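Student: Hi! Could you walk me through some helix packing and a surface feature in this one?
Tutor: Happy to, here it is.
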Amino acid sequence: MTLAIVLAADPAAGHLTEPGRPAGEPLTERLAAQWRRAGADDVRIAADLTELADLVAAATGPVLVSGADLVAHTAVLKHLATSPVGPTVALVLTDPPAPGQATVREERGQVVEVDAADATGVFGGALRVGAADLPALADAARRAAGAAPDAPDARLTDPASAPGVGAADGGPRDAVDRLVADLAARGTLIFAQRVRLLVAHRVGDEAQRDAAEAAVAAVDEDRAELKLSVKERDDFFTTFFVSTWSPYVTKAAARIGIGPTGVTMVSVAFAVAAAVLFGVGGRPALVAGAVLLYLGFVLDCVDGQLARYTRHFSAWGGWLDTMADRFKEYVVYAGLGFGATHAGFRYGWALALAAMTLQTVRHMTDTWYGALHDEAARRPKVVSADAGGIGGKLNAASTRVQADTGSVSYWLKRTVVFPIGERWALIAIAAALFGPLVALVAVLVWGTLAFAYTGGLRTLRARWMRVPVMATVDAGLHRDDGLLARTLPTTRRPLLLAVLGALGAAGTLVWALLAVHGGGDLPVFVPVLALVLLLGAAQASRAPHDGSLDWLVPAALRAAEYLFAIAVGVAGRAPAWLIFGYVLVLTLHHYDLTARLEKRQSAPPLHAATLGWPGRSLLLAIGLIAGYASIALATLGAYLLVVFVASVVLAWVVLPARARGGVRSPG
């Protein structure tokens, strides 16, 4: 249940009137009606901060709070209420701040500071507070109202000296601005909701109200919302070859009632069909596969646009979109690998495996670097240190390029990293014109160059940030260590040990390839030595991950496990498709973990049953030494797939149904 509270304590509330109403009647009723249309289940008008604190203390779900001086499209309030970026979100405007209004500084979509000297916007007078932050909101309201004699800091009991109570210019702060300033001062994670194409203004007199209402009336709300469904900043191919017409598909899907999940499923079907056509080979099939791949990518964009346009967001939808994207891409790699092999190239499946492994490791670094950057954004004083060093200069240069939207350097920076749109475009064009082999080689070459570029720059910037991101999350969970790692003695230097484990696995794979190519067998001591290095990496599971580069640990461990599994398959002469299938199951498991990290969710229900990467590697090594590598890969892969499916059903169907007291599929 979502509660909306209109705070009538702001100075503007007493003199702004609704046309046709008696003089002096506040605009609070207008905002209350808008919150109802925006989806609030219960709407209250609080006379002051004390009453607001009492309402918040009794709430059990998200709370929407706004002052009485906001004139905006209802869609602006709806976007704030349904924003998927975080539990606590503040409306941020580009208007010049009026006396009493809080200015904010944003970084990576987060409000990192209030009343900063380098402010990027002004607080828009409305915020959504997640259930976990409600106690902080209630306490902030009481402190701002001067009703907290037991506050831990005695000076905070005086509303004039509480954080954010005095405006930057020394004047009295509006009531709702006191709340956001206090929450920010407490370190609450607040995301910024910008207004784009729509209209929202905070007004202080009748003339400002008239101007704001005229601006609201001048904008076609539905048309603006459709445009807003397209990401503000996307990659080159998506921007110019998809988003120019995908909103029409989005509008049509909304009219006929297809939801984002339905569009995602159709996109998956298109990608699978393209993979089959790539495997069949022949010019007509390759061209048809390229067309289907392009259309599948368009639908991949449409599902997100449809969610934003209809405001139908869910944790299930976000998780499914992440998992579907990776499954589609890797199924296409499988089709290309089969097609290249069918066309006479001996190592078609090997190229597909290399492409999948490279892309997964890249994604792991993307996820953890994003977490690193988010953590750094919340600690701006650490980031600003050593601004004259190479990391600081790179950060400043990157910021300048990102701000220069539309420039050649901006598009080059967004394209060189080889995002998904460019990958799918390259695959489609290369497969249609030259065949599956060239498509795979092109993906590997561009992917490797992009990995080297982003990895090098991010490493330099991470050393400059000096933020121990792994110290703020459950490192054992996201390392995917399992029971075996927790029984081993603890050793420090997790990154060094993870890299050594990956190098040992890579060396084993090279030795296995040479041995099989020469008609011999892999000596037993080679996988045993690699396993020792892997278990050495596992010993760092419980060690502090507080190094500036320890965000690379999960990616290094993924590389180590995948390379070792491939080496076992090659040494045991397992079918190439079986090795690919096993690694594909591993990637789904690991993407499940990273998707939950990005969505701030808990571990999968059956995570303990996946044995951890050391346990899985040990079982494969035993299977290889016993002479049953293929059976070990097939059995363990099937087991992990069953656990993954069961975990998905539990997480998204059974447990939510129990919480609701009934049974219903996620949607």
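Student: How do α12 and α18 lie relative to each other?
Tutor: They are oblique, a class for angles outside under 35 degrees (roughly parallel), over 145 (roughly antiparallel) and 65 to 115 (roughly perpendicular). This is a predicted model, where local features need pLDDT of at least 70, side-chain atom pairs count only at pLDDT 80 or more, and totals for chains, interfaces and linings use all residues. Residues are numbered from 1 along each chain as its sequence is written, and side-chain values use heavy atoms, without hydrogens and water.
Student: What's the angle between α12 and α18, and how far apart are their axes?
Tutor: About 130 degrees, with the axes 8 Å apart; angles run from 0 to 180 degrees between N-to-C directions. α18 covers residues 436–465.
Student: Which hand is that crossing of α12 and α18?
Tutor: Left-handed, meaning the near helix is turned anticlockwise from the far one by less than a right angle.
Student: And how do α12 and α24 run?
Tutor: Roughly antiparallel. Their axes come within 10 Å and cross at roughly 160 degrees, and α12 passes α24 in a right-handed crossing.
Student: New topic: which helices each supply at least two residues of the nonpolar patch?
Tutor: α21 (494–517) and α22 (525–538). The patch has about 830 Å² of accessible area together, and its members include Leu496, Val528 and Ile625. Patch residues have over 30% relative accessible area and no salt bridge, with nonpolar side chains joined within 5 Å.
Student: Where does Ile625 sit?
Tutor: In helix α25, residues 612–625. Ile625 is partly exposed at 47% relative accessible area, where partly exposed lies between buried (under 20%) and exposed (over 50%), with a 1.4 Å probe.

How values were computed
Patch = residues over 30% accessible without salt bridge, like charges linked within 9 Å, V, L, I, M, F, W, Y side chains within 5 Å. Areas by Shrake-Rupley, 256 points an atom, 1.4 Å probe, with all protein chains shown as cover. Salt bridge = Lys/Arg side-chain N within 4 Å of Asp/Glu carboxyl O. Helix = DSSP H or I, 4+ residues; strand = E, 2+ residues; numbered from the N terminus.
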